[in-house]
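This report covers one helix, a set of charged pairs and one charged residue without a partner. The sequence and structure come first.

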Amino acid sequence: MEKRITTPLTKEKVKDLKAGDSVLISGVIYTARDAAHKRLVDLLDKGEKLPFDLKDQIIYYVGPTPAKPGMAIGSAGPTTSYRMDPYAPRLLDEGLKGMIGKGLRNEEVIEAIKRNTGVYFGAIGGAAALIGKSVKSAEIIAYEDLGAEAVRRLEVCDLPVVVVIDSEGNNLYEIGQKEYLDSLK
């Protein structure tokens with residue numbers, strides 16, 4: 001089922017999302033990859049303020065290419081999510097509600113998703129140019145020294161994603177594999 005959501009991503013909105021749902025996201029989301037995640041968690045460990053409020057936000061695991069003329073951002077395909085697994089539970093515990101990436105998540109992340117009523121979305125890696133067209137504005141808000149991996153505030157319109165792990169821990173990768181194997185019987 002296709003759904004449309006507008007950020008902020010509240011607990012109520014998350015509860016309505018189920019593994020396998022196609023979702024179009026509009027509103028503000030943030031970008032961060034592993035180096036930025038480490039810095040964010042280091043700030044939390046020191047009791048310092050983060051460069052943006054995590055409450056009800058979505059972080060997209062992306063290091064976009066430079067923008068072409070007339071575009072807000074270049075290609076913006078997802079990076080492999082497991083690289084953020086050491087940091088994701090802590091950010092979820094601090095109020096983060098959604099993550100966008102590609103690939104599997106570890107059990108600790110899945111438990112943190114369930115504990116915090118969060119959601120993990122998958123974006124299509126081969127659709128980086130198409131995803132980039134959903135970005136209407138992009139502004140670096142932290143860690144400019146990280147280049148493509150700097151934290152950005154993006155305004156998006158109809159960013160296409162799929163719910164991979166819902167707030168109950170249902171995992172599309174497991175569901176899809178089981179359904180396929182069952183179809184072979």
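## A salt bridge within helix H4

Glu 111 and Lys 114 form a salt bridge, with their closest N and O atoms 3.1 Å apart. The model is a predicted one. Both residues belong to helix H4 and are 3 residues apart, about one turn of the helix. An α-helix has 3.6 residues a turn, so residues three or four places apart point the same way.

Glu 111 has a relative accessible area of 33% and is therefore partly exposed. Lys 114 is partly exposed as well, at 35%.

## The two sides of H4

Helix H4 spans residues 107-115, and its buried residues are Val 109, Ile 110, Ala 112 and Ile 113. These residues lie on the same side of H4, because the arc they cover around the axis is only 160 degrees. The exposed residues Glu 107, Glu 108 and Arg 115 are on the other side of H4.

Several elements help to cover the buried residues of H4, among them helix H3 (88-93) and strand S4 (98-101). Strand S5 (119-122) and strand S7 (151-165) are also included in this cover.

## The ends of H4

At the N-terminal end, H4 is capped by Asn 106, which places a side-chain oxygen 3.0 Å from the backbone nitrogen of Glu 108. Just after the helix, Thr 117 has a positive phi of about 50 degrees.

## Salt bridges between separate parts of the chain

How many salt bridges does the structure hold? There are 15 salt bridges in the structure. One of them pairs Lys 3 with Asp 21, where the closest N and O atoms are 2.9 Å apart. Lys 3 is in strand S1 (residues 2-6) and Asp 21 is in the loop between helix H1 (11-15) and strand S2 (22-31), so the pair ties together parts that are 18 residues apart in sequence. Lys 3 counts as buried because its relative accessibility is 13%, and Asp 21 counts as buried at 8%. Lys 3 and Asp 21 are also linked with Asp 16 in a network of salt bridges.

A further salt bridge joins the side chains of Glu 168 and Lys 18, at 3.5 Å from N to O. This pair links distant parts of the chain, 150 residues apart: Glu 168 is in the loop between S7 and H6, and Lys 18 is in the loop between H1 and S2. Glu 168 counts as exposed, at 53% relative accessibility, whereas Lys 18 is partly exposed, with a relative accessible area of 32%.

## Lys 97, buried without a salt bridge

Lys 97 is located in the loop between H3 and S4. Which side chain of opposite charge is nearest to this buried residue? That side chain is Asp 56, 4.9 Å away, and Lys 97 has no salt bridge. A salt bridge requires the side-chain nitrogen to be within 4 Å of a carboxyl oxygen.

The side chain of Lys 97 does reach the backbone oxygen of Asn 116, at 2.5 Å. Apart from neighbours within four places in sequence, the contacts of Lys 97 include Leu 9, Lys 11, Val 14, Asp 56 and Gln 57. Asn 116, Thr 117, Gly 118 and Val 119 are also among the contacts of Lys 97. Thr 117 is the residue with the positive phi just after H4.

## Asp 182 in helix H6

Asp 182 is part of helix H6, which covers residues 172-183. Its relative accessibility is 34%, so Asp 182 counts as partly exposed. Asp 182 and Arg 4 are 178 residues apart along the chain, and their C-alpha atoms are separated by 31 Å.

Methods
Residues numbered from 1 in each chain as written. Predicted model: local features only at pLDDT ≥ 70, side-chain atom pairs only at ≥ 80, totals over all residues. Heavy atoms only, no water. Buried < 20%, exposed > 50% of the residue type's maximum accessible area, 1.4 Å probe, protein only. Helix = DSSP H or I, 4+ residues; strand = E, 2+ residues; numbered from the N terminus. Arc of directions from axis to C-beta. Contact = heavy atoms within 4.5 Å. Polar contact = N/O pair within 3.5 Å; in protein donor to acceptor, adjacent residues only side chain to side chain. Lys, Arg positive; Asp, Glu negative; His and termini not counted.
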